[in-house]
Structure formats: structure tokens, C-alpha cells
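Dear colleague,

I am passing on the structure we spoke about, together with some notes on what I found in it. Please look through the model first and then read the notes beside it.

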Amino acid sequence: MSEIDTRNRAPGELLSPPGPSEPSLAELTGRLIADAQTLVRKEVELARAELSDELNKAKQAGIALGVGAAIAGVGALLLVIMVVQLLIAWGAAPWLAYLIVGGALTIVGSLALLGGLRRAQTIDPLPRETLDTVREDVEWLKEQSQSVRK
């Protein structure tokens, strides 16, 4: 069904269908649908990129946590063996030697784990940028569909 332009018509002038420079309602609707499909594809691509970035952050945080725990574990074993024996050789009671070395290792290991936890807290599981643009796109589509209906 074609639209008929009744604006700027002189009295008695015959009504004519839209000219080639004026797209029909069907064409406008088709363009709107094509634009919406393109927009949805782009939003999916953006969401994938954002999720990939967040997964990389999670990977880095996991590596930092693992490395921190491993270093703290190895350090604890070596220091316990060496320093405890050294403190005992200097005349410290064995329980005091273990307390000093164990406390120091606990502090170092805790600092490494806290660093990994801080990195893990920066991970955002939601693709915020994509959600914002999808909201904007929905509003744009509503505006476009309302202007096509007019």
C-alpha cells in the first residue's frame, strides 16, 4: 500500500503517490529492521569483547593468587628449616624459633594473597558498557518506530 502526499497540494490538484525521493512506509520499516539487526550483531560482538577482557582479568588474578601461594609455601618450608635451625644454634628455644619464622612467613604469604584478592575484586562479571549501549539502542528503536508510525 503506498502513501499519498497531501501536503503542499493546490486545490483541485490530483493526489499522487510518493515520488522516488520519498521512501515508502515499507522501505522505512525494512531499513529500520535491517538497522536493528546490524545493531544487535554489533552489541553481541561488544559483549563478547567485554567478557573476554573480564576473563583475562580473572586469569591474571588467578595466576597472581597461585604464584603468591606457591612462593609463600616454598619460602615457608625453606625458612622454617634454615632459620629455625639457626635460631636454635644461637641458643633460642625451639618453640620460640618456630614462632618467629612461622609469623614472618604468615605475613609475607598474606601480603601476596591480598594482592591477588585485590586483582580479583576488579573483575566485573557484567558487560556494563554493552548493557548501557543496549539500553540506548532500545530507546532509539522506540523513537524510530514511533516516528515511522506517524
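The notes below go through the helices, the core, the buried acidic residues and the salt bridges.

This is a predicted model, in which local features need pLDDT of at least 70 and side-chain atom pairs count only at pLDDT 80 or more, while totals for chains, interfaces and linings use all residues. Residues are numbered from 1 along each chain as its sequence is written, and side-chain values use heavy atoms, with hydrogens and water left out.

I begin with the helices, which, like strands, are DSSP runs numbered from the N terminus (H or I and at least four residues for a helix, E and at least two for a strand). Helix H1 covers residues 25–89 and helix H2 covers 94–121, whereas helix H3 takes in residues 128–149. H1 has 65 residues and reaches 94 Å from its first C-alpha to its last, which is close to the 96 Å expected at 1.5 Å a residue; the expected span is 1.5 Å times one less than the number of residues in the helix. H1 nevertheless bends by about 30° at Leu-79, the bend being the angle between axes fitted to the seven residues ending at a residue and the seven starting there. After H1 comes Gly-91, with a positive phi near 105°. For H2, the 28 residues should span 40 Å at 1.5 Å a residue, and the end C-alpha atoms are indeed 40 Å apart.

The largest nonpolar core consists of six residues, namely Val-83, Val-84, Leu-87, Ala-97, Val-101 and Leu-105. Such a core is a set of buried Ala, Val, Leu, Ile, Met, Phe, Trp, Tyr and Cys residues joined through side-chain atoms within 4.5 Å, and buried means under 20% relative accessible area, with exposed over 50% and partly exposed in between (1.4 Å probe, protein chains only). H1 and H2 are the elements that give two or more residues to this core. Val-101 touches Leu-79, Val-80, Val-83, Val-84 and Leu-87, residues up to four places away in sequence not being counted; contact here means heavy atoms within 4.5 Å. Leu-79 thus appears both as a contact of Val-101 and as the site of the bend in H1. In H2, the buried residues are Ala-97, Val-101, Leu-105, Gly-109 and Gly-116, and what covers the buried residues of H2 includes H1.

Two acidic residues of H1 deserve a separate look. What surrounds Glu-50, leaving aside its neighbours within four places in sequence? Glu-50, which lies in helix H1, is in contact with Pro-127, Arg-128, Glu-129 and Thr-130, and its C-alpha atom is separated by 7.9 Å from that of Glu-129, 79 residues apart along the chain. Glu-50 is buried, with a relative accessible area of 14%, yet it has no salt bridge, and the nearest side chain of opposite charge, Arg-128, is 7.8 Å away. For this purpose Lys and Arg count as positive and Asp and Glu as negative, while His and the chain ends are not counted. Glu-54 also lies in helix H1 and is buried, at 15% relative accessible area; apart from residues up to four places away in sequence, Glu-54 touches Thr-122, Ile-123 and Asp-124.

A search of the whole structure finds three salt bridges, each being a side-chain nitrogen of Lys or Arg within 4 Å of a carboxyl oxygen of Asp or Glu.

- Arg-31 and Glu-27 meet at 3.9 Å, N to O; they are four residues apart in H1, and therefore separated by about one helical turn. Arg-31 is partly exposed at 47%, as is Glu-27 at 42%.
- Lys-57 and Glu-54 meet at 3.6 Å, N to O; they are three residues apart in H1, again about one helical turn. Lys-57 is partly exposed at 33%, whereas Glu-54 is buried at 15%.
- Arg-135 and Asp-132 meet at 3.2 Å, N to O; both lie in H3, three residues and about one turn apart. Arg-135 counts as exposed at 52%, while Asp-132 is partly exposed at 41%.

With best regards
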